[in-house]
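Here are some exercises to try with the structure open beside you. Have a go at each task before you read its solution.

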Amino acid sequence: MNLQRIAIPLLVIGLLAFAARQYGWPGFFAVSGGLVFWLLLHWTRMLTVMQRAARRPIGHVDSAVMFNARLKPGVNLMHVIAMTRSLGERLSAEGEEPERYRWTDNGGSTVSVTLQGGRVSTWELQRPPAQD
């Protein structure tokens with residue numbers, strides 16, 4: 001089981017309890033307001049990323065080489081979509097683990113990304129053969 005699914009709600013409850021105990025209702029509502037603000041920031045970022053991705057062809061990236069250079073292990077799929085501004089072309093079956101996606105640029109270079117548990121584990125850059 002993912003530790004974040006337990007730790008984050010416990011942290012939120014603990015923070016709210018601490019604020020209520022130290023500062024009463026004003027502290028509780030101040031922390032609640034901060035948490036709602038934080039959730040709205042993340043929601044807005046997610047919608048912005050998805051709106052940008054919806055405007056571009058699936059599996060397209062401006063430069064596969066630059067995308068390959070910017071990738072890091074452990075990055076989640078939302079950050080990858082934000083980097084490419086495009087949804088990846090799905091290579092794996094729906095619901096299959098690990099997930100595989102591919103992005104291609106205009107020159108024919110491709111980057112295939114493997115995600116394990118929603119995070120980048122490996123990726124591979126493939127370039128077309130050089131023409132004489």
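**Before you start**

This is a predicted model, so local features need pLDDT of at least 70 and side-chain atom pairs count only at pLDDT 80 or more, while totals for chains, interfaces and linings use all residues. Residues are numbered from 1 along each chain as its sequence is written, and side-chain values use heavy atoms, with hydrogens and water left out.

**Exercise 1: a pair of charges**

Task: Find the residue with which Arg-56 forms a salt bridge, and decide how exposed each partner is.

Solution:
- Step 1. Start with the rule: a salt bridge is a side-chain nitrogen of Lys or Arg within 4 Å of a carboxyl oxygen of Asp or Glu. Side chains of opposite charge can pair when their charged atoms come close.
- Step 2. The partner is Asp-62, and the closest N and O atoms of Arg-56 and Asp-62 are 3.0 Å apart.
- Step 3. Now classify the two residues (buried is under 20% relative accessible area, exposed over 50%, partly exposed in between, using a 1.4 Å probe and protein chains only). Arg-56 has 21% and is partly exposed, whereas Asp-62 has 58% and is exposed.
- Step 4. Applied to the model, the salt-bridge rule gives a count of 4.

**Exercise 2: a shared partner**

Task: Work out which residues are joined into one network with Arg-90 by salt bridges.

Solution:
- Step 1. Arg-90 forms a salt bridge with Glu-94, with 3.7 Å between the closest N and O atoms.
- Step 2. Arg-90 also meets Glu-99 in a salt bridge, at 3.8 Å from N to O.
- Step 3. Salt bridges that share partners therefore join Arg-90, Glu-94 and Glu-99 into one network.
- Step 4. Check the accessibility of each member: Arg-90 is partly exposed at 31%, Glu-94 is exposed at 69%, and Glu-99 is buried at 18%.

**Exercise 3: one face of a helix**

Task: Name the buried residues of helix H3 (77-84) and explain how they are arranged.

Solution:
- Step 1. Helices (H or I, at least four residues) and strands (E, at least two) are DSSP runs, numbered from the N terminus.
- Step 2. Val-80, Ile-81, Met-83 and Thr-84 are buried in H3.
- Step 3. Looking down the axis of H3, the buried residues fall within an arc of 160 degrees, so they line one face of the helix. The arc is taken from the directions from the helix axis to the C-beta atoms.
- Step 4. An α-helix has 3.6 residues a turn, so residues three or four places apart point the same way.
- Step 5. The cover over these buried residues includes H1, helix H2 (64-70), strand E2 (99-104) and strand E4 (119-126).

**Exercise 4: two backbone details**

Task: Inspect the backbone at Arg-85 and at the bond between Glu-97 and Pro-98.

Solution:
- Step 1. Arg-85 follows H3 and is found in the loop between H3 and E1.
- Step 2. Although Arg-85 is not a glycine, it has a positive phi of about 55 degrees.
- Step 3. Arg-85 is partly exposed, at 41% relative accessibility.
- Step 4. The peptide bond that joins Glu-97 and Pro-98 is cis, with omega about 5 degrees.
- Step 5. Pro-98 is found in the loop between strand E1 (89-90) and E2.

Note on methods:
Contact = heavy atoms within 4.5 Å.
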